[in-house]
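Here is a short round of questions and answers. Look over the model first, then work through them in order.

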Amino acid sequence: GPPSARALGLAPLRAHIRGELGQPEAVARAQADTRHYAKRQGTWLRTQLRPGPRIALKKPPPGTPGGGL
């Protein structure tokens with residue numbers, strides 16, 4: 001089907017409209033689906049990050065923007 005048919009939360013919403021799920025269960029499933037999707041994104045992102053030199057951030061000197069008084 002079209003990409004919109006795979007939108008997060010749509011399957012539980014459809015099940016609720018058909019009377020297969022109550023509203024609380026449909027909401028809980030949509031929330032769980034969103035959490036699982038976010039977890040998959042985080043897992044994918046970690047595989048994309050390459051090890052390499054890191055930039056150490058220093059505190060700005062006092063009296064400069066972001067530096068305190």
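Buried means under 20% relative accessible area, exposed means over 50%, and partly exposed lies in between. The model discussed here is predicted.

Q: How many helices and how many strands are there in the protein?
A: The count covers both kinds of element. Strands come to zero. Helices come to two.

Q: What share of the residues of the protein counts as buried?
A: Buried means under 20% relative accessible area. The protein has 69 residues. The buried share of them is 12%.

Q: How much of the accessible surface belongs to carbon and sulfur atoms?
A: The accessible surface of the protein totals about 6300 Å². The part belonging to carbon and sulfur atoms is 61%.

Q: How many salt bridges does a search of the whole structure find?
A: Side chains of opposite charge can pair when their charged atoms come close. The cut-off is a side-chain nitrogen of Lys or Arg within 4 Å of a carboxyl oxygen of Asp or Glu. The number found in the whole structure is two.

Q: Which residue meets R18 in a salt bridge?
A: R18 is exposed, and so is its partner. Their N to O distance is 2.9 Å. The partner is E20.

Q: How far apart are the closest N and O atoms of R29 and E25?
A: R29 and E25 form a salt bridge. Its cut-off is 4 Å. The closest N and O atoms are apart by 2.8 Å.

Q: Why are R29 and E25 separated by about one helical turn?
A: Both residues belong to helix α2. The separation is about one turn because of their spacing in that helix, which is four residues.

Q: Why does R29 count as partly exposed?
A: The partly exposed class lies between under 20% and over 50%. E25 falls there, with 36% relative accessibility. R29 falls there because its relative accessibility is 42%.

Q: Which residues make the nonpolar surface patch of about 350 Å²?
A: Patch residues need over 30% relative accessible area. L45, in helix α2, has 44% and counts as partly exposed. The patch is made by W44, L45 and L49.

Q: Which side chain makes a polar contact with the side chain of Q48?
A: Q48 lies in helix α2. Q48 is partly exposed, because its relative accessibility is 41%. The contact spans 3.0 Å. Its other side chain is that of T47.

Notes: Residues numbered from 1 in each chain as written. Predicted model: local features only at pLDDT ≥ 70, side-chain atom pairs only at ≥ 80, totals over all residues. Heavy atoms only, no water. Patch = residues over 30% accessible without salt bridge, like charges linked within 9 Å, V, L, I, M, F, W, Y side chains within 5 Å. Areas by Shrake-Rupley, 256 points an atom, 1.4 Å probe, with all protein chains shown as cover. Buried < 20%, exposed > 50% of the residue type's maximum accessible area, 1.4 Å probe, protein only. Polar contact = N/O pair within 3.5 Å; in protein donor to acceptor, adjacent residues only side chain to side chain.
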